[in-house]
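User: Got a model here that I'd like to talk through. Can you take a look with me?
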Amino acid sequence: MVNSVTNLGRSGVYDWVIQRLSAVLMAVYTLFLLGFVLATPDLTYEAWKDLFSCTAMKVFTFATLISICAHAWVGLWTISTDYLTSSAVVRFIFQLVCAGFLFTYLVWGFDILWSV
């Protein structure tokens, strides 16, 4: 039996909660950006830059980036444990590659976001 990916040895409820909370945060972020685009008919680079220069927007964006990575990690971990059952080594390599990509995206996103 494979344990849950978060909170080592706990039930899958924590993974389920992470999936749902991250999905809600991503939906709120998407709706906010959609509202901003629709409410700003003459959207320019300066308006977009001003939005992302605000510290609150940077924090909101970074929280959403963390949510994307957490959501993807739980989903990919679940897929790997469900479908890569023939070899623990293959599953481990797949999870290691996924974790590496997600960590790279998180650090890269942080660098881009806070350099604005």
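User: How many disulfides does a search of the whole structure find?
Analyst: Zero turn up anywhere in this predicted model, where a disulfide is a pair of cysteine sulfur atoms within 2.5 Å. Local features need pLDDT of at least 70 and side-chain atom pairs 80 or more, while totals for chains, interfaces and linings use all residues. Residues are numbered from 1 along each chain as its sequence is written, and side-chain values use heavy atoms, without hydrogens and water.

User: Why no bond for C98?
Analyst: The closest cysteine sulfur, in C69, is 12 Å from the sulfur of C98, so that is too far for a bond.

User: Is C98 buried or exposed?
Analyst: Buried, at 10% relative accessibility. Buried means under 20% relative accessible area, exposed over 50% and partly exposed in between, with a 1.4 Å probe and protein chains only. C54, at 39%, counts as partly exposed.

User: And how much of the protein is buried?
Analyst: 27% of the 116 residues.

User: Switching topic: what's the secondary structure?
Analyst: Four helices and zero strands, counted as DSSP runs (H or I, at least four residues, for helices; E, at least two, for strands). The radius of gyration is 18 Å, well over the 13 Å from the globule rule for 116 residues, so the protein is more spread out than a compact globule. That radius is taken over C-alpha atoms, and the rule is 2.2 Å times the number of residues to the power 0.38.

User: What does the C-alpha trace span along its principal axes?
Analyst: About 55 × 25 × 20 Å.
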